[in-house]
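The exercises below are meant to be worked with the sequence and the model open side by side. Try each task before reading its solution.

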Amino acid sequence: MIQLFFRKALTKVLGISQWLIGYMMPISPILERAVLKPQCLGIETTNICNANCVFCGYQYMKRPKGTMRMDIFEKAIRDFIYIGGGDIRLTPIVGDPLVDDYLLERIKYARKFKEIKRIGFFTNGILLRKIGYKDLLFSGVTDIDISLELEKDRYKEIYRVDAFDRVAENILALCETNRELNNPVTISINLRLGKFKVDSILFKKIKEVNKNITYQSYYDSWSGKIKQADLPDFMLLRTLRRKRKPCYFLYVEPLVQWDGNITACPCRDLDGDAEFSLGNIVEKSLIEMWRSDKLRNLRISFFEGKIPSMCSGCRHYNDISILRAPHFRKLIQDSYNAYLCSDYAHKK
């Protein structure tokens with residue numbers, strides 16, 4: 001018992017040391033490698049959702065809804081592989097990936113390539129049974145995050161759909177199946193509540209089959225569209241921080257929207273803001289758009305104090321300092337090594 005305590009304490013001290021060392025490092029060498037290629041690629045195969053959460057910008061989206069053509073998806077994957085590949089995230093800006101009838105086919109296609117490392121997505125879990133627990137776990141996906149409220153009456157209030165019983169059953173069945181298969185997929189349950197409201201029967205059942213549980217109490221306003229009065233009292237808007245440096249997403253992950261348009265912001269570009277639009281994957285290559293003057297100038301604009309209007313009210317913002325963290329340093333180094341071995345680098 002004592003040995004276990006000291007082992008955990010040492011691990012924590014080493015982790016803190018890595019963070020401190022990282023934050024003493026100059027940021028320029030990290031950024032120089034990051035701008036060579038995207039570290040990850042977001043692909044929004046659909047922007048359609050089967051819920052209408054009070055905390056989500058889906059209720060305010062004006063751009064057309066649709067599902068990505070397979071040829072667009074394959075072009076995006078090939079372009080990413082050509083420059084070294086990396087992680088694929090199938091979480092849309094808004095919408096639910098499981099609504100896409102071709103999701104498993106897309107995952108299996110991406111998994112065929114050794115350059116694709118991890119494939120993950122975020123979901124409300126409503127359609128897990130329909131898509132098939134084993135089919136999903138064997139598809140090649142590596143990470144699944146599921147959003148959940150533990151209390152039935154509040155679930156309908158938050159998600160604005162009557163699907164609590166179905167989601168609870170789906171989560172337990174998926175996690176149990178995953179455990180029986182020796183956990184091939186990392187499943188995380190994202191609870192929409194404070195840390196201390198965890199005494200429900202469902203919570204205890206989930207913990208028996210899956211230990212990866214996160215807690216979320218703070219939310220974004222989607223550039224001022226969502227007000228504190230729109231949320232239940234246990235959901236709080238994040239603090240609006242000053243923006244003196246570029247958002248780290250501009251150095252890490254562009255997103256291919258369902259119609260092929262690429263945005264520099266993979267998490268909050270609700271309506272395809274022209275300022276963040278880099279072009280269409282059908283007409284241009286991914287590397288061409290990633291290294292474009294438009295994206296370069298967008299990054300520079302933060303340093304000049306010219307904050308894009310979409311970003312000025314964003315509470316989801318994290319600046320480039322976070323790229324010094326151990327996880328991001330490794331991500332960028334691995335991506336740089338993959339780039340050096342890529343067909344693109346060899347042909348230059």
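## Exercise 1: A salt bridge inside helix 8

Glu-176 is partly exposed, at 25% relative accessibility. The model is a predicted one, and the exercises treat its coordinates as they stand.

Task: Find which residue forms a salt bridge with Glu-176, and state how far apart in helix 8 the two residues are.

Solution.
- Step 1. The partner is Arg-179, with the closest N and O atoms 2.9 Å apart.
- Step 2. That distance can be held against the cut-off, which is within 4 Å for a salt bridge.
- Step 3. Arg-179 and Glu-176 are three residues apart in helix 8, so about one helical turn separates them.
- Step 4. Arg-179 has a relative accessible area of 40% and is partly exposed.

## Exercise 2: Salt bridges between helices

Task: For the salt bridges Glu-169 to Arg-129 and Lys-152 to Asp-165, work out which helices are tied together.

Solution.
- Step 1. The side chains of Glu-169 and Arg-129 meet at 3.5 Å, N to O.
- Step 2. Glu-169 belongs to helix 8 (residues 164-180) and Arg-129 to helix 5 (residues 128-131), so this salt bridge ties together parts 40 residues apart in sequence.
- Step 3. Glu-169 is partly exposed at 41% relative accessibility, whereas Arg-129 is exposed at 57%.
- Step 4. Lys-152 and Asp-165 meet through their side chains at 2.9 Å, N to O.
- Step 5. Lys-152 lies in helix 7 (residues 152-159) and Asp-165 in helix 8, so the parts joined here are 13 residues apart in sequence.
- Step 6. Lys-152, at 46% relative accessibility, is partly exposed, and Asp-165 is partly exposed with a relative accessible area of 47%.
- Step 7. For the wider count, the whole structure has 16 salt bridges. Glu-149, Glu-151 and Arg-154 are linked in a network of them.

## Exercise 3: Reading the sheet

Task: Give the strand order of the open sheet of nine strands, name its edge strands, and follow the pairing from strand 2 to strand 6.

Solution.
- Step 1. The order is 6-5-4-3-2-1-9-10-11, and the pairing is mixed.
- Step 2. The edges are strand 6 (213-215) and strand 11 (277-280), each of which pairs on one side only.
- Step 3. Strand 2 (residues 86-89) pairs with strand 3 (residues 116-123) in the parallel sense over three bridges. Ile-88 stands opposite Ile-119 of strand 3.
- Step 4. Strand 3 and strand 4 are parallel, with four bridges. Here Gly-120 stands opposite Asp-143 of strand 4.
- Step 5. Strand 4 and strand 5 run parallel and are joined by six bridges. Asp-143 has Thr-186 of strand 5 as its bridge partner, and Ser-147 stands opposite Asn-190 in strand 5.
- Step 6. Strand 5 and strand 6 pair in the parallel sense over three bridges, and Ile-189 has Ile-213 in strand 6 as its bridge partner.

## Exercise 4: What covers the sheet

Task: State how many residues of strand 4 and of strand 5 are buried, then locate the contacts of helix 9 and helix 4.

Solution.
- Step 1. The cut-off for buried is under 20% relative accessible area.
- Step 2. In strand 4, five of the six residues are buried, and the strand is mostly covered.
- Step 3. Five of the six residues of strand 5 are buried, so the rest of the structure largely encloses this strand.
- Step 4. Helix 4 (residues 103-111) has buried residues Leu-103, Leu-104, Arg-106, Ile-107, Tyr-109 and Ala-110.
- Step 5. These buried residues of helix 4 pack against helix 3, strand 3, helix 5 and helix 6 (133-137).- Step 6. Return to the parallel pair of strand 2 and strand 3. Helix 3 (residues 70-82) packs on the sheet, touching strand 1 (40-43), strand 2, strand 3 and strand 9 (255-256), and its direction makes about 175° with that of strand 1.
- Step 7. Helix 9 (residues 201-209) also packs on the sheet, touching strand 4 (143-148), strand 5 (186-191) and strand 6, and its direction makes about 140° with that of strand 6.

## Exercise 5: The cavity

Task: State how many cavities of 30 Å³ or more the structure holds, and which residues lie nearest the centre of the largest cavity.

Solution.
- Step 1. There is one cavity of 30 Å³ or more.
- Step 2. The largest cavity holds about 130 Å³ of space.
- Step 3. Its lining consists of 14 residues, and Cys-247, Cys-265, Cys-267, Cys-311 and Cys-314 lie nearest the centre.

How values were computed:
Residues are numbered from 1 along each chain as its sequence is written. This is a predicted model: local features need pLDDT of at least 70, side-chain atom pairs count only at pLDDT 80 or more; totals for chains, interfaces and linings use all residues. Side-chain values use heavy atoms; hydrogens and water are left out. Buried means under 20% relative accessible area, exposed over 50%, partly exposed in between (1.4 Å probe, protein chains only). Two strands pair if DSSP finds at least two bridges between them. Contact means heavy atoms within 4.5 Å. Axes are lines fitted to C-alpha atoms, for helices over the stretch in contact, and angles run from 0 to 180 degrees between N-to-C directions. On a 1 Å grid over the protein atoms alone, a cavity is a set of points where a 1.4 Å probe fits but cannot get out, and a pocket is an open set with protein on both sides within 12 Å along at least five of seven lines; lining residues have an atom within 4 Å of a point. Grid points are joined across faces, edges and corners, and a volume is the space filled by probe spheres set on the points.
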